[in-house]
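Here's a quick walk through one protein model and its ligand. Keep the structure open as you read.

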Amino acid sequence: MTAGVPVRIAIHGAGGRMGRALIRAAPRAGLAVVAALVRPASPLAGVAVPDSHANGVPLDYSAALDPDAGATVLVDFSHAEAFDAAVALAVGHGLALVSGTTGLDERQQLLLDDAARRVPVLWAANFSLGVALLEHLAEIAAARLGPGFDAEIVEAHHRLKRDAPSGTALALGEAVARGRGTTLAEAAAFARHGQTGARRDGEIGFAVVRGGDIVGEHTVMFAGVGERLELTHRATSRDVFAAGALRAAAWIGGRPAGRYRLANIFD
Ligand SMILES: NC(=O)c1ccc[n+]([C@@H]2O[C@H](COP(=O)([O-])OP(=O)(O)OC[C@H]3O[C@@H](n4cnc5c(N)ncnc54)[C@H](OP(=O)(O)O)[C@@H]3O)[C@@H](O)[C@H]2O)c1
């Protein structure tokens, strides 16, 4: 933000839970939402956005980005299937991209790298400060405790979440793997059912809970013989993710093209 001029953001996935949380929180964060983008066939297209706040001008949900809206940052919280379109939109309009969409595959991560050659890009599986710290602590604990402690990651989310394990659980798994000098691809155990046999040494196990309206809970467990360390984060409101993403949007505008991490803005 420069001298009281709010950063102008377009939101992709504006009708979703996170999209609505972002629109509510933007004025408090000093940002102006100038476009609320929904998928092309959405019944919301053309409907007035509740809580919209674009310099006092009411806003309608829209399926296309109006270049005259003057957005400089695209904030995407949509769906993995809609993600390629969000990246193309940011690159096509020369907008910085802040995305929290999860369930991305390897190709889509490479797409982000590619986009980062043209525009500034910040993608994070979780925009809360607490989780950023948890990732750091998990890496340290994995390194210090060593192979005598079995690492398990347990996550819980609301019944409507579509991807599993959560992007945050995977990021925590990567952190544990880094701490042990291995990779998640080598160590992950995503499913256990039936006659599994004993636990494989060095495995990083995942367990997934889905139910009700749980916003997001993650535990990294290090189970040793005779003792157990558990590091837990609980989000009780989506507003915490919205606040982190809006902080990232305010931070990234005007930066050179490149791939940024959430740690860059919290540092
Ligand atoms: N990084 C973080 O901190 C964090 C935190 C919370 C959630 N998330 C992630 O953020 C994403 C959204 O979460 P949510 O809880 O808000 O989900 P949600 O309520 O299902 O919202 C997703 C929105 O994306 C829209 N969408 C789907 N296809 C689209 C397209 N082609 N173009 C534009 N919009 C499209 C959906 O529209 P329709 O309903 O019309 O299909 C819906 O409004 C998920 O991937 C979730 O895992 C990340």
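## Helix α4

Let's start with α4, bearing in mind that this is a predicted model. The helix covers residues 129–145, which makes 17 residues. From its first C-alpha to its last it reaches 24 Å, close to the 24 Å expected at 1.5 Å a residue. Right after α4 comes G146, and the phi of G146 is positive, near 75°.

Which residues of α4 are buried? They are V131, A132, L134, E135, A138 and A142. Looking down the axis of α4, you'll find these buried residues within an arc of 160°, so they line one face of the helix. Turn to the face pointing away from that buried side and you get the exposed residues I140 and R144.

And what do the buried residues of α4 pack against? The list has three strands in it, β7 (150–157), β10 (216–223) and β11 (228–235). It also has two helices, α5 (167–179) and α8.

## Two domains and where they touch

The protein chain splits into domain 1 (7–123 + 238–266) and domain 2 (129–235). Measure from centre to centre over C-alpha atoms and 29 Å separate the two.

How many residues of each domain are in contact with the other? Domain 1 puts in nine residues, and domain 2 puts in eight. On the domain 1 side, α7 (239–252) and α8 (262–266) each supply at least two of the touching residues. The largest share of that side comes from α8, with three residues. Sorted by class, the domain 1 side has five nonpolar residues, three polar and one charged.

## Helix α7

Now for α7, one of the helices on that domain 1 side. With 14 residues at 1.5 Å a residue, α7 should span 20 Å; its end C-alpha atoms are 20 Å apart, so the two values agree. Just past the helix, G254 takes a positive phi of about 85°.

Is α7 mostly covered or mostly open? Mostly covered, with 10 of its 14 residues buried. The buried ones are V240, F241, A242, G244, A245, L246, A248, A249, W251 and I252.

A243 also lies in α7, but A243 has 19 C-beta neighbours inside 10 Å and therefore counts as partly exposed. The cut-off for buried is 20 or more, so A243 falls on the partly exposed side of that line. Setting aside neighbours within four places in sequence, A243 is in contact with A25 and A29. There's a long-range pairing to look at as well: A243 and A21 are 222 residues apart in sequence, and their C-alpha atoms are 8.9 Å apart in space.

## Around the ligand

How many residues surround the ligand? The shell has 25, and the closest are G16, M18, R39, A82 and G100. Two elements give two or more residues to this shell, namely α1 (17–25) and α2 (80–93). The largest share, three residues, comes from α1.

As for the chemistry of the shell, 13 residues are polar, 10 are nonpolar and two are charged.

Technical notes:
Residues are numbered from 1 along each chain as its sequence is written. This is a predicted model: local features need pLDDT of at least 70, side-chain atom pairs count only at pLDDT 80 or more; totals for chains, interfaces and linings use all residues. A residue is near a molecule or strand if its C-beta atom, placed from the backbone, lies within 6 Å of it. Helices (H or I, at least four residues) and strands (E, at least two) are DSSP runs, numbered from the N terminus. Ala, Val, Leu, Ile, Met, Phe, Trp, Tyr, Cys and Pro count as nonpolar, Asp, Glu, Lys and Arg as charged, and the others, Gly among them, as polar. Domain bounds come from an automatic or database domain assignment. Two residues are in contact if their C-beta atoms, placed from the backbone, lie within 7 Å. The expected span of a helix is 1.5 Å times one less than its number of residues. A residue is buried if 20 or more other C-beta atoms lie within 10 Å of its own, exposed if 12 or fewer, and partly exposed in between; C-beta atoms are placed from the backbone. The arc is that of the directions from the helix axis to the C-beta atoms.
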